[in-house]
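Grab a viewer and something to scribble on. Here is a set of exercises, each with its solution worked out step by step.

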Amino acid sequence: MTERTIHVPGFRIGTAEDRKGLTGVTVILAPEGGAAAGVDVRGCAPGTRETDLLRPEKTVEQIHAVVLSGGSAFGLEASCGVMRALGTLGVGFPVGPVTVPIVCGAVLFDLMIGESTAFPDREMGELAAARADVRFPVGCHGAGTGATVGKLIGADRCMKSGAGYAELSLPSGLVVGAYIAVNACGEVYDGETILAGALSEDHKSIVSSHNLMLDGAKRDLAGMNTTIGCIVTNARLTKAQCTAVAGMSHDGLARSIRPVHTTMDGDTLFVMASGEVEAPVDTVGYLAEETVRRAVYDAVLSAEGMGGAPSHCDLFCGNGGF
């Protein structure tokens with residue numbers, strides 16, 4: 001199991017998964033008191049929760065958690081478990097005799113690789129919240145458990161992906177991190193190198209998704225994809241600035257996934273900012289873009305072959321046995 005550490009003060013990440021059903025959930029918890037937040041939803045097939053309240057003109061100024069889940073629309077149930085866990089701890093906004101946590105979320109489609117009846121539920125959401133810490137697993141854990149890429153010529157030719165994390169910091173004290181669960185219909189590429197994508201007919205090499213797009217490859221995978229993630233930072237940002245950073249962060253997806261933001265994806269990126277360090281918005285956005293790109297690579301390089309889908313290492317590191 002590959003693990004990463006988050007160094008953005010106050011934030012914690014927890015995961016839970018069903019390794020048989022090949023689905024899971026990741027919870028990103030804000031520091032005590034919450035965080036300013038924004039979101040940018042792209043692609044035409046999103047599945048989200050509480051994104052409207054992140055619009056700058058809405059009343060709520062801070063949120064307490066972001067939930068990234070497998071299970072397609074069924075996986076939205078996991079957020080209810082996170083709400084219950086946080087409410088029990090007294091995290092949230094006091095409204096009369098109750099405390100109401102603000103929990104935003106997004107889901108990806110992983111129902112075709114594991115058991116189609118398996119999806120993250122309230123109990124799995126509670127478990128992920130309880131496990132939240134500064135140290136957490138990447139690869140095929142949490143929301144990355146059932147993630148795949150390279151589905152332009154059919155789900156049977158896809159490769160295994162997962163979830164990844166990357167982080168950058170400056171001498172000023174600014175820290176920006178990105179947690180990304182990569183479930184794209186396209187391929188993950190780094191310059192001229194394709195790290196994971198659509199498999200050849202014999203499953204021994206990768207077919208260029210770039211060429212497939214130029215050739216007009218026919219596909220019917222609407223709603224079966226989506227890359228979702230959350231950028232966390234200790235910068236002092238308003239809701240509007242968080243939304244701007246979320247938009248800039250999508251460039252990190254464009255620099256590592258092709259095609260991206262298609263009619264078959266519902267790519268969604270959240271931003272949470274704890275407000276401790278003064279920093280130019282463009283600097284935060286630039287670091288966010290780069291951490292997103294690196295987190296995408298971490299997701300595919302940390303993945304293991306599962307459910308009949310080989311990983312990058314299965315093809316290029318001689319692991320085999322997927």
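The exercises below go from the whole chain down to single residues.

Before you start: this is a predicted model, where local features need pLDDT of at least 70, side-chain atom pairs count only at pLDDT 80 or more, and totals for chains, interfaces and linings use all residues. Residues are numbered from 1 along each chain as its sequence is written, and side-chain values use heavy atoms, with hydrogens and water left out.

**Exercise 1. Describe the overall build of the protein.**

Step 1: take stock of the secondary structure. There are six helices and 21 strands, where helices (H or I, at least four residues) and strands (E, at least two) are DSSP runs numbered from the N terminus.

Step 2: check the compactness. The radius of gyration is 18 Å, close to the 20 Å that the globule rule gives for 322 residues, so the protein is as compact as a globular protein of that length. That radius is taken over C-alpha atoms, and the rule is 2.2 Å times the number of residues to the power 0.38.

Step 3: get the dimensions. The C-alpha trace spans about 60 × 40 × 35 Å along the principal axes.

Step 4: look at burial and contacts. Of the 322 residues, 58% are buried (under 20% relative accessible area; exposed is over 50%, partly exposed in between; 1.4 Å probe, protein chains only). Take the contacts (heavy atoms within 4.5 Å) between residues at least 6 apart in sequence: 80% of them join residues at least 24 apart.

**Exercise 2. Work out how the charges are spread.**

Step 1: count the side chains. You get 24 positive and 36 negative ones, with Lys and Arg as positive, Asp and Glu as negative, and His and the chain ends not counted.

Step 2: compare the centres of the two sets. They lie 1 Å apart, with each charge placed at NZ of Lys, CZ of Arg, CG of Asp or CD of Glu.

**Exercise 3. Find the buried sides of α1 and α2, and say what covers them.**

Step 1: start with α1 (78–88). Its buried residues are A78, S79, G81, V82, A85 and L86. They cover an arc of only 155 degrees around the axis, which puts them on the same side of α1; the arc is that of the directions from the helix axis to the C-beta atoms.

Step 2: look at the cover. It includes β3, β5, β6, β9 (103–107) and α2. After the helix comes G90, with a positive phi near 80 degrees.

Step 3: repeat for α2 (residues 122–131), where M124, G125, A128 and A129 are buried. Their arc is only 140 degrees, which places them on the same side of α2. They pack against β2 (12–18), β3 (23–29) and α1.

**Exercise 4. Check the backbone oddities at S72, T226 and P259.**

Step 1: S72 sits in the loop between β6 (65–69) and α1. Its phi is near 55 degrees, positive in a residue other than glycine, and S72 is buried at 18% relative accessible area.

Step 2: T226 isn't a glycine either, yet has a positive phi of about 95 degrees. You'll find T226 in the loop between α3 (209–214) and β19 (228–235), buried at 2% relative accessibility.

Step 3: R258 and P259 are joined by a cis peptide bond, with omega about -10 degrees. P259 lies in the loop between β20 (257–258) and β21 (268–277), while R258 belongs to strand β20 and is partly exposed at 24%.

Step 4: list what R258 touches. Leaving aside neighbours within four places in sequence, R258 is in contact with G186, E187, Y189, I194, S209 and H210. The C-alpha atoms of R258 and S274, 16 residues apart along the chain, are separated by 32 Å.

**Exercise 5. Set sequence separation against spatial distance for G142 and V60.**

Step 1: G142 is in the loop between β10 (135–137) and β11 (148–149) and counts as buried at 0% relative accessibility. Its C-alpha is 7.5 Å from that of T23, 119 residues apart along the chain. T23 is also one of its contacts, alongside T15, A16, E17, G24, V25 and T26, leaving aside neighbours within four places in sequence.

Step 2: V60 is in the loop between β5 (48–49) and β6, partly exposed at 23%. The C-alpha atoms of V60 and P120 are 60 residues apart along the chain and separated by 27 Å. Not counting residues up to four places away in sequence, V60 touches L53, F93, I102 and K239.
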